[in-house]
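Trainee: Could you take me through one part of this model slowly, looking closely at the cysteines and at what surrounds them?

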Amino acid sequence: MSSPKFFSDFAKACNDIFNPKKKDYDLAQPTVEIKNKTTDPNTELTAKFESQNGQISAKVTDKIDVHKDIGSLKCTLQTGADPELELENSSWVDGLTLKLKTVLLQDNKVTAKFLKDSFAVETEVEVNGNDGGDDDGDDADKGAQVSLKPSLVFAWDCANLGASALLKPTASGDDPVLDSYEAGAEVTKNSVTCTAKIKEKHHLLELSIANQVNPQALLGIRYTYHRGTKAQTLAAGGTYQWDDTTTLKGKLESSGELTTLLTRQVSNDVSISISSQMDARNFQRVSPNLGIKLVLGE
């Protein structure tokens, strides 16, 4: 029987190739990231600096394992944004993970994940604080805006079947109503994972296949079709572990955009990444966009 997974983890291998959350491909801004593990093994400090048009932006994150009964606490400070605090605990109840994220006690997000033998439940509750509205007081009585995003997945044989919904408040500040929903299925057989999702209130169909060819190579294909606009997209890509220190990642989209990322572990404490983006249909005439990232520390 297949192990259950959370709905947000459907097509995870393809997501890592085509639209990674960390924006690995987007290195147009020269980036330096410094990681420092102190003498305390429960503390990890990370500083990230980006340069754009002569201006430098910084982001500092400190993660501390407070106590086994409390969990880990992460504090993030960055230029142009409010401070963030994130508390995560997975020891209170077997199979349950709780995460609380707050931005200056104005915007708060609580995520609860519960995993059992045959099903997985994930619920996100987001509360956006109100700054008092406009000077004329038109929005002052709306109060906090609450959004709810529950999801449920059942594992059956070699498949996972699941659905997710998003309830958001209306523009007038009324109680949350159904804003969008998704449904999907994922089947894993040997080294191949096939995923199908219906999104945007059944207007968007997304199909993806990931094949772990061998321990070094992962290949992925993704196809989307929008019922309303009739728009179709196709993308192919993969990752390849060249050796213990070198990794190559790339993707080619039906629009002709070719993106690659080469990461080299220079030493235990230094790694460098170089990205390129070009139009594969006209690469002889158009120069590629290049980016670079330097990571210092483990």
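Mentor: In this predicted model, Cys-194 counts as partly exposed, because its relative accessibility is 36%, a value that lies between the 20% limit for buried and the 50% limit for exposed. Cys-14, by contrast, is buried, because its relative accessible area is 2%. A disulfide is a covalent bond between the sulfur atoms of two cysteines. The count of disulfides here comes to zero: Cys-14 is in none, and the cysteine sulfur nearest to its own, that of Cys-194, is 9.3 Å away. Cys-194 is likewise in no disulfide, with the sulfur of Cys-14 as its nearest; since a pair of sulfur atoms has to lie within 2.5 Å to be counted, 9.3 Å does not meet the rule.

Now follow Cys-14 into its surroundings, where it belongs to the largest nonpolar core, a set of eight residues that also includes Ile-17, Phe-18, Tyr-25, Ala-210, Leu-218, Ala-235 and Leu-261. Helix 1, which covers residues 12-18, gives the most to this core, with three residues. In soluble globular proteins, nonpolar side chains tend to be buried together. Ala-235, another member of the core, touches Phe-18, Gly-220, Ile-221, Arg-222, Leu-252 and Glu-253, if residues up to four places away in sequence are left aside. Apart from this group there is a second, separate core of five residues, among them Phe-6, Phe-7, Phe-10 and Val-153.

Key:
Residues numbered from 1 in each chain as written. Predicted model: local features only at pLDDT ≥ 70, side-chain atom pairs only at ≥ 80, totals over all residues. Heavy atoms only, no water. Buried < 20%, exposed > 50% of the residue type's maximum accessible area, 1.4 Å probe, protein only. Core = buried A, V, L, I, M, F, W, Y, C linked by side-chain atoms within 4.5 Å. Helix = DSSP H or I, 4+ residues; strand = E, 2+ residues; numbered from the N terminus. Contact = heavy atoms within 4.5 Å.
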